[in-house]
Amino acid sequence: MTAPHHPGDSPAAGAARVSGEAASLPAARTGPPQPSAPPELDYNGRKHRRAMDDATLWDMARRIPAALIQTARLAWSVDRRMALTIVVCQLLSGIGTAVMLTAVAQALPQLIVDDPRQGLARAWPALAVAVVAMATGASMWILADWATRRLNPKIASAADLQLVDLHMRAELAAYDAEGFADRSQAADIGALHAVDLADDAKTLTNGLVQLASAAVVLTTLHPLLLGVLLLSVVPRGLGGVIAARVDYRVHDQTVSARNVRGMMRWWLTTAELADELRANTMRGYLHFWYRSMCDRVERREVAGARPYLRITLLAASLGGLFTLGMWASLAGLVLAGSMTTAVAGTAVVASQTAGRALNSIIRYSTVMFHHGLYLSDYYGFIDEVRAMTTARGTARAEPPRQIRLEGASYTYPGKEAAAVRPITLTLNRGEVVALVGENGAGKSTLIRMLTGLTVPTDGKVLWDSTDLAGADAESVRRQVGLVPQKNGHWPLAARENITLGQPREHGDERIWDAAERVGMTKTLRALPKELETLLARSVWGGHELSGGQWQRLACARAMYREPAVLVLDEPTSEMDARGEHQIFRELRAMASDRITVVVTHRLDNVRMADRVIVLDQGTVREQGSFDELVATEGSLLGELYALAQDR
Ligand SMILES: Nc1ncnc2c1ncn2[C@@H]1O[C@H](COP(=O)(O)OP(=O)(O)OP(=O)(O)O)[C@@H](O)[C@H]1O
C-alpha cells in the first residue's frame with residue numbers, strides 16, 4: 001500500500017509503505033501524522049455472507065427448487081413463448097442424450113466382431129441414430145440459448161422497471177425507514193442477478209435432464225451400473241461443492257471492499273466533484289484510500305488461490321481414483337461374464353456424460369443458491385415498499401381555498417422527538433405566506449405535510465373539508481407546485497426541464513412565458529438549440545447551466561404548472577439580486593389564484609409576504625406581518641432580522 005503523496009511532501013515521505021491488513025499507519029515521530037487505512041466497511045452483503053457460510057448442503061438443496069420456481073415465474077411473466085421454448089428444448093435435449101446412449105449400446109456389440117466391414121455394415125443404422133440424436137441434443141441447446149438471449153433483456157428490464165417505479169411511488173416515509181438505502185441497494189443487486197438466475201436455471205436444469213437420461217439408460221443396460229456411476233461421480237461432485245464454497249468465501253470476503261471501492265470510484269471520476277477534489281488538494285489522500293482498497297481486494301483474492309488449488313487437486317485425484325475403480329469393476333464384470341464388453345463400453349460413455357452433467361449441476365446449484373439470496377432480497381424489498389405504497393384513500397383533492405392544520409405533528413421514523421410538534425394553522429387562497437426559522441426548526445417537514453407529501457403522524461391536514469390522510473395521493477400532487485431545497489438538474493432538454501410533470505402542449509408560448517417570469521429568456525435563447533438543448537454537461541452535446549440558472553429553471557417549472565398550492569423552499573439561495581427580485585415580484589403577481597408558501601433565510605424577501613410564520617423547534621412561535629413582528633419586543637424574527645442587518 002502506498003501512502004498518499006501530498007503536494008509538498010518529499011518523494012521519500014510520499015513513498016512510505018504500510019503492510020498488514022487494514023493496519024493504521026503509525027504516527028510518524030517527525031512531521032505530520034500519516035493517514036489511516038480505510039476502515040473495514042460492512043455493507044448489505046453481510047446477510048448473504050452469513051447465509052452462505054452457515055448453509056449446509058441440505059439447506060442449499062432445499063433452497064434451489066424455490067429459486068428455480070421464482071425464476072420460472074419471472075420468465076413466464078415476461079415472455080411465455082420463450083419460457084416454454086426453453087423447457088421444451090431442455091426436454092428434447094435430454095431425450096436426445098438418452099437416444100444417443102441407447103443407440104451406442106446397440107451399435108457397440110455389432111462393431112466388436114472379427115470383420116470390421118461387416119460390423120460397420122450392421123451397426124450403421126444405430127450409429128446414424130446416435131449421430132442424429134447427438135445433433136438434435138446440440139441444436140436444442142443452441143435453441144435454448146437463443147431463447148434465453150431473447151428472454152434475458154426482458155427479465156432485466158421488467159425487474160429494473162418494477163424497482164424504479166416502486167421507488168417513485170413509495171411513500172416518502174419509506175426513505176426515512178432505517179436501513180432503507182441498504183435494502184434498496186440489495187434489491188438493485190437482486191434485480192441485476194435476476195438475469196443470471198435465468199441463465200443458471202437453464203444450465204442447471206439441462207444438467208439434471210442429462211444426468212437423468214444417462215442414469216435411465218445405464219439402469220436399463222444393467223442395474224449395477226447406476227451404483228458404479230454414482231461411485232465415479234460422487235467424489236467429483238463433493239469436491240465441486242467444497243471448491244465452490246471456498247470460491248464464494250473469497251468472493252464474500254471482498255464484496256464490501258469492492259462495493260465501497262465502486263462507490264468511491266464514481267466520486268473520484270465524476271465531473272461534479274472534479275473542482276472540489278482538485279482545488280482542495282484531496283487527490284493525495286483519495287489516491288491512497290483507493291489504492292488501499294485495491295490492495296485489500298487483491299490480497300484476499302490471491303490468498304484464496306491456494307486453498308482452491310488444494311481442493312480441486314484433491315477432488316480431481318479422488319475422482320480419477322474412483323473412475324479407475326469403476327473401469328476396474330467394469331473389467332471384472334466383463335471377465336466374470338456378467339456383462340458384455342459392449343455394455344461396459346456404453347457405461348464408460350454414459351459415465352462421461354453423467355460426470356459433465358453433474359459438474360454443471362453442482363456448479364450452478366451453488367451459483368443459484370447465492371443468486372437466489374439476492375433475488376429474495378429483491379422480492380422482500382418489493383413487498384416492503386408495496387406495503388408502504390398502499391392507497392391512502394379515494395377522496396379526490398380539489399384546488400383548496402383553504403389549508404388547515406389541526407394539531408398536526410410529525411415524528412420521523414426511529415426518532416423520539418417530533419420534528420414538528422402539534423400545530424394548528426390556516427392558510428388561505430390569495431395569501432403569500434413566508435415560513436421563517438432557524439436551521440432544523442421544522443420548515444421543510446411542515447411543507448411536506450401541507451402539500452400531502454407526508455401524512456402527519458398525529459393530527460390532520462385538511463384541504464377545505466378533505467382530510468389528506470384519506471385523499472388519493474395523485475389527486476393531491478396534481479394541485480401542487482414545489483421547488484424543493486435540492487432540485488433536480490434533470491438530464492433532459494430545456495423544454496422538458498420546464499414542462500416536466502405536465503402534459504405536452506402544441507405550442508411553446510407558455511414555456512417562454514414561464515422562462516420570462518424567472519428571467520431566463522435570454523439564457524435559453526442563447527443555447528445552441530434553444531429549448532431543444534440537452535441540459536447535461538456529462539452527456540455528449542449537452543450544455544451546463546450555472547447553479548442560479550438551475551434554480552430559476554426550477555421556479556419556472558413550478559410556475560408553468562400554475563398550481564393551486566405553490567411552495568418554494570429557499571428558491572433563491574443561489575440567485576443574484578436581480579433574479580431574486582424578479583422571482584418574488586412574480587410570486588406576488590401570481591398570488592391571487594393560489595396559496596403560496598415561501599421558505600427563506602433572506603429576511604429582506606419576507607417583506608413581500610402577507611403573513612410571516614416563525615417556526616422554532618417544531619412549533620409556531622409567532623405569526624403576523626413582517627413590520628408588526630420585527631417591531632415586537634423580544635420577537636425571534638426581530639432578533640434574526642437584526643442579526644442579518646449586522647453582517
Ligand atoms: N429524513 C429525516 N429523517 C430524520 N430526521 C429528519 C429528517 N429530515 C429532517 N429531520 C430532522 O427534523 C428536524 C427538522 O428538519 P427540517 O428539515 O424540517 O428543518 P428546516 O427548518 O427545514 O431546516 P433548514 O433551515 O436547515 O432547511 C431536524 O431536527 C432534522 O434533523
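Strands S1 (residues 402–410) and S2 (residues 420–428) pair up antiparallel through 6 bridges, pairing here meaning that DSSP finds at least two bridges between two strands. Within this pairing, Ala408 has Ile423 of S2 as its bridge partner. S1 also runs antiparallel to S4 (residues 458–463), joined to that strand by 5 bridges; here Arg404 is matched with Leu462 of S4. The model is a predicted one, so to speak of local features takes a pLDDT of at least 70 and to count side-chain atom pairs takes 80 or more, while totals for chains, interfaces and linings use all residues. Numbering starts from 1 along each chain as its sequence is written.

Overall, the protein has 20 helices and 10 strands, taken as DSSP runs numbered from the N terminus (helices H or I, at least four residues; strands E, at least two). Of its 647 residues, 34% are buried, that is, with 20 or more other C-beta atoms within 10 Å of their own, C-beta atoms being placed from the backbone.

Helix H7 takes up residues 180–221, 42 in number, and spans 58 Å from first C-alpha to last, close to the expected 62 Å (1.5 Å times one less than the number of residues). H7 isn't straight throughout: a kink of about 35° is centred on Ala194, the bend being the angle between axes fitted to the seven residues ending at a residue and the seven starting there.

As for the ligand, its surroundings include Asp176, Tyr412, Lys415 and Asn439, with near meaning a backbone-placed C-beta within 6 Å. Helix H12 (residues 443–450) gives the most to this shell, 3 residues.

Technical notes: Buried ≥ 20, exposed ≤ 12 C-beta atoms within 10 Å, placed from the backbone.
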